[in-house]
Amino acid sequence: MASEDVKRTESAVTTIVNLAEEAKLAREGVNAPSYAVLSICKSLVAGGVAGGVSRTAVAPLERLKILLQVQNPHNIKYNGTVQGLKYIWRTEGFRGLFKGNGTNCARIVPNSAVKFFSYEQASKAILLLYQQQTGNEDAQLTPLLRLGAGACAGIIAMSATYPMDMVRGRLTVQTERSPYQYRGMFHALSTVLRQEGFRALYKGWLPSVIGVVPYVGLNFAVYESLKDWLIKTRPLGLVQDSELSVTTRLACGAAAGTVGQTVAYPLDVIRRRMQMVGWKDAASIVTGDGRSKAPLEYNGMIDAFRKTVRHEGFGALYKGLVPNSVKVVPSIAIAFVTYEKVKDILGVEIRISD
């Protein structure tokens with residue numbers, strides 16, 4: 001009997017030790033398979049929710065930005081943020097403010113999920129390599145390394161969902177007077193495939209890749225670096241118990257969004273214009289009500305830059321910057337805070353279920 005009690009005691013102790021070790025490994029990043037799957041799902045769901053919430057909150061400004069980027073300078077319909085929003089409301093009603101948002105959410109939810117998840121995984125991999133190279137197990141990511149992780153995440157996420165971004169741009173600029181109407185995302189995808197071929201779904205991909213490196217890279221690098229700096233220095237009493245308030249996180253996200261979008265904005269303008277190439281009804285939208293339907297032709301990214309600057313001046317590369325600035329600051333801020341909050345909520349639920 002005594003020997004059986006000893007065996008049961010040893011078995012119980014072993015079980016407790018194993019559970020404790022698994023919990024320790026999970027905290028250190030060496031996850032057990034079940035914990036790893038839950039962690040991945042948590043990151044993907046949190047990223048998707050963050051993307052959907054943040055983009056819907058600023059959908060009217062997003063649509064106005066794209067309309068400003070592609071409109072003909074000789075036939076101005078949208079002249080500024082307030083006037084542009086009023087014009088859309090007057091001519092298309094409330095629904096016009098959110099035109100293309102369904103497609104944008106269908107794109108941004110998986111895009112954001114993949115982006116946030118890719119950033120976490122890239123950060124871990126880069127940090128591990130950095131620690132091995134320096135021989136310092138306590139080394140942390142530098143702003144430059146965070147920039148690299150963010151760039152990797154942006155390229156992966158953007159490439160995975162680019163066809164939806166391309167048709168979203170076209171859905172956004174069409175109006176009630178457009179001679180041909182896309183009825184939705186899937187109709188637009190099938191129409192582009194049938195009329196223009198598969199490669200058309202990736203028009204403007206190159207400037208997008210180039211632009212996403214500073215945009216997403218700087219977003220993550222600035223946000224994470226600001227957070228670390230605030231936690232370490234604790235200025236003005238903004239940090240309590242090594243935690244930042246929601247307001248402070250929003251401010252960090254706003255600063256990150258401002259820096260990233262200002263650097264990358266000209267490439268976004270060129271991307272939108274290249275997405276219109278090959279669309280037989282694009283001229284009637286870009287030139288306004290079907291007047292002077294000159295074909296929209298660019299022979300690549302450099303040609304698009306050259307023609308835009310030559311015909312419209314350098315300022316054309318920043319068309320729509322004001323509504324985009326108004327949009328991107330709350331959008332990025334909301335996305336970061338929502339992501340962290342949803343992860344916290346999911347984390348609590350996962351621990352309870354375990």
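**View 1. Lysine 307 is partly exposed, at 24% relative accessibility.** Welcome to this predicted model, which we tour here in a handful of close-ups. Lysine 307 shares helix α11, residues 301-312, with aspartate 303. The two residues are four places apart, or about one turn of the helix, and their side chains meet in a salt bridge with N and O 3.2 Å apart. Elsewhere, salt bridges with shared partners tie Glu62, Lys65, Asp165, Arg168, Asp268, Arg271 and Arg272 into one network.

**View 2. Aspartate 303 also forms a salt bridge with arginine 306.** Here the N to O distance is 2.8 Å. Both residues belong to helix α11, and three residues, about one turn of the helix, separate them. In an α-helix there are 3.6 residues a turn, so residues three or four places apart point the same way. Is aspartate 303 buried or exposed? Aspartate 303 has a relative accessible area of 7%, under the 20% cut-off, so it counts as buried. Arginine 306, by contrast, is partly exposed, with a relative accessible area of 41%.

**View 3. Helices α9 and α11 cross at roughly 100°.** Helix α9 covers residues 246-276, and its axis comes within 10 Å of the axis of α11. That angle makes α9 roughly perpendicular to α11. Which residues meet where these helices come together? On the α9 side, look for Pro266, Leu267, Ile270, Arg273 and Met274. Their counterparts in α11 are Met301, Ala304, Phe305, Thr308 and Glu312.

**View 4. A salt bridge joins aspartate 228 to arginine 146.** The closest N and O atoms of this pair are 2.3 Å apart. The pair links distant parts of the chain, 82 residues apart: aspartate 228 sits in helix α8, and arginine 146 in helix α6, which runs over residues 143-173. Aspartate 228 counts as partly exposed, at 25% relative accessibility, whereas arginine 146 is buried, with a relative accessible area of 9%. If you would like to look for others, the salt bridges number 16 in total.

**View 5. Helix α8 bends by about 35° at valine 212.** Follow the helix along and you will find a proline, proline 214, within four residues after the bend. How far apart are the end C-alpha atoms of α8? They lie 41 Å apart. This agrees with expectation, because the 29 residues of α8, numbered 205-233, should span 42 Å at 1.5 Å a residue. Just after the helix comes arginine 234, whose phi is positive, near 50°.

**View 6. Methionine 185 is buried, at 13% relative accessibility.** This residue lies in helix α7, which spans residues 185-196. What does methionine 185 touch, leaving aside residues up to four places away in sequence? Its contacts are Thr103, Ala106, Met164, Val167 and Leu171. Take a look at arginine 107 as well: although 78 residues separate it from methionine 185 in sequence, their C-alpha atoms are 9.9 Å apart in space.

Notes
Residues numbered from 1 in each chain as written. Predicted model: local features only at pLDDT ≥ 70, side-chain atom pairs only at ≥ 80, totals over all residues. Heavy atoms only, no water. Expected span 1.5 Å × (residues − 1). Bend = angle between axes of the 7 residues up to and from the residue. Buried < 20%, exposed > 50% of the residue type's maximum accessible area, 1.4 Å probe, protein only. Contact = heavy atoms within 4.5 Å. Salt bridge = Lys/Arg side-chain N within 4 Å of Asp/Glu carboxyl O. Axes fitted to C-alpha atoms, helices over the stretch in contact; angles between N-to-C directions. Parallel < 35°, antiparallel > 145°, perpendicular 65-115°, else oblique.
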